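User: I should like to study this structure step by step, through short questions with reasoned answers. Please begin with the terms that are needed.

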Amino acid sequence: MKNLRRDFERFCYRHRSKGISNLMLYIALGTAIMYVFMLIDPSYALYRTLCFDRSAILHGQIWRLFTYIFIPYSSNILLLAISMYFYYVIGRSIEGQWGPFRFNLFYLSGVLITDLAALLLGVNATTGSLNLSLLLAFATLFPENRVLLFFIIPIKMKYLAWFYFAVTILDLIRLDFFPIFALLNYFLFFGSDILRILPDFLQPKRQPGKPFGSFGKKQEKPNPNWAKDYRSKSGEAPYRHKCTVCGRTDTEYPNLEFRYCSKCNGYYCYCIDHINNHAHIQ
């Protein structure tokens with residue numbers, strides 16, 4: 001699994017610039033256009049054509065598996081505008097951290113998992129679960145960032161994540177399993193990185209200063225001068241540092257900075273582009 005995640009990280013990095021850039025802007029604009037059509041058309045003809053309908057999908061109207069993401073999730077224009085802006089901002093932040101390609105994969109897999117869950121459970125698919133995945137992704141990448149709750153109360157993103165996890169647990173107690181299916185996308189992309197937003201009492205026990213998963217195991221420190229006197233057949237010195245994600249070395253890129261991650265289980269090296277943007281190895 002560790003190697004699979006590492007290969008996935010490298011694959012996403014190699015194709016980082018591909019995909020739909022600024023995806024959340026197009027989704028927000030599509031939602032706004034849909035809201036206008038719902039205002040000027042009291043019959044809601046376009047809404048009935050694009051909304052998620054399990055029976056219609058099973059009869060061949062497969063476009064409904066994707067078009068429901070443009071259905072407004074509130075009839076209150078002020079609340080809708082605030083929500084669209086909020087999710088646009090956090091979506092842009094995630095895309096800036098990952099690149100368009102990985103963010104597109106994240107959103108698309110969220111749509112597909114939501115579709116599958118709605119079809120299996122016989123419930124209506126909405127963008128609520130997708131937006132929840134976006135919020136949790138942002139909280140995991142930027143747990144210390146603050147937002148103004150009700151435009152007044154500053155609150156860290158990781159605390160909002162705790163609240164939504166608590167709501168999901170309550171839904172499970174009420175035998176509502178749809179939220180768990182909807183969150184599979186989040187767990188799929190983040191794995192053990194969710195430890196970053198868990199409360200301290202739920203964190204794995206480890207010695208102070210040790211990375212997650214070490215549990216007191218003695219870690220050997222790397223020797224930074226291991227290649228000092230060695231030369232390859234061409235006379236070129238081998239690398240001293242190599243990024244675990246993209247594979248770039250200090251020999252190929254002498255001006256590139258490299259760091260070792262304290263949260264990975266072991267001493268794994270990352271370039272400056274990936275030291276804060278990688279799946280921690282446990």
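Analyst: A residue counts as buried when its relative accessible area is under 20%, as exposed when it is over 50%, and as partly exposed in between. The model discussed here is predicted.

User: Is N22 buried or exposed?

Analyst: N22 is found in the loop between α1 (2-14) and α2. Its relative accessible area is 16%. Since the limit for a buried residue is under 20%, N22 is buried.

User: What is the phi of N22, which is not a glycine?

Analyst: N22 is a residue other than glycine, yet its phi is positive. The value for N22 is about 60°.

User: Is Y44 buried, partly exposed or exposed?

Analyst: Y44 is found in the loop between α2 and α3. Phi of Y44 is also a positive value in a residue other than glycine, near 55°. Its relative accessible area is 37%. Because values between the limits of 20% and 50% take the middle class, Y44 is partly exposed.

User: How many degrees of arc do the buried residues of α2 cover around the axis?

Analyst: Helix α2 covers residues 23-40 and reaches 26 Å from its first C-alpha to its last, close to the 26 Å expected. Its buried residues are L23, M24, I27, A28, G30, T31, M34, Y35 and M38. They lie on the same side of α2, because the arc they cover is only 160°.

User: Which exposed residues does the face of α2 turned away from its buried side carry?

Analyst: The buried residues of α2 are covered by elements that include α3 (45-50), α6, α7 and α8 (128-141). On the face turned away from that buried side, the exposed residues are L39 and I40.

User: What is the angle at which α2 and α7 pack?

Analyst: Two packed helices are described by the angle between their axes and the distance between the axes. The axes of α2 and α7 are 10 Å apart, and the angle is about 45°. That makes α2 oblique to α7. In this contact, L23, M24 and I27 in α2 meet F103, N104 and Y107 in α7, and the angle asked for is about 45°.

User: How are α6 and α7 placed relative to each other, oblique or perpendicular?

Analyst: Helix α6 (residues 77-98) and α7 pack with their axes 7 Å apart, at an angle of about 130°. Roughly perpendicular would need 65 to 115 degrees, and roughly antiparallel over 145. The angle of α6 and α7 fits neither class, so the two helices are oblique.

User: How many charged residues does the contact of α6 with α7 have?

Analyst: G91, I94, E95 and W98 in α6 meet P100, R102, F103 and F106 in α7. By class, this contact has five nonpolar residues and one polar residue, and its charged residues number two.

User: Which residues does L105 touch, not counting those up to four places away in sequence?

Analyst: L105 lies in helix α7 (residues 100-121) and counts as partly exposed, at 28% relative accessibility. L105 and C12 are 93 residues apart in sequence, while their C-alpha atoms are 9.3 Å apart in space. The residues that L105 touches are F8, C12 and F189.

User: Which exposed residues lie on the face of α9 turned away from its buried side?

Analyst: The buried residues of α9 are M157, K158, L160, A161, F165, T168 and D171. They fall within an arc of 150° and so line one face of the helix. The face turned away from the buried side of α9 carries I169 and I173.

Conventions: Residues are numbered from 1 along each chain as its sequence is written. This is a predicted model: local features need pLDDT of at least 70, side-chain atom pairs count only at pLDDT 80 or more; totals for chains, interfaces and linings use all residues. Side-chain values use heavy atoms; hydrogens and water are left out. Helices (H or I, at least four residues) and strands (E, at least two) are DSSP runs, numbered from the N terminus. Buried means under 20% relative accessible area, exposed over 50%, partly exposed in between (1.4 Å probe, protein chains only). Contact means heavy atoms within 4.5 Å. Axes are lines fitted to C-alpha atoms, for helices over the stretch in contact, and angles run from 0 to 180 degrees between N-to-C directions. Angles under 35 degrees count as roughly parallel, over 145 as roughly antiparallel, 65 to 115 as roughly perpendicular and the rest as oblique. Ala, Val, Leu, Ile, Met, Phe, Trp, Tyr, Cys and Pro count as nonpolar, Asp, Glu, Lys and Arg as charged, and the others, Gly among them, as polar. The expected span of a helix is 1.5 Å times one less than its number of residues. The arc is that of the directions from the helix axis to the C-beta atoms.
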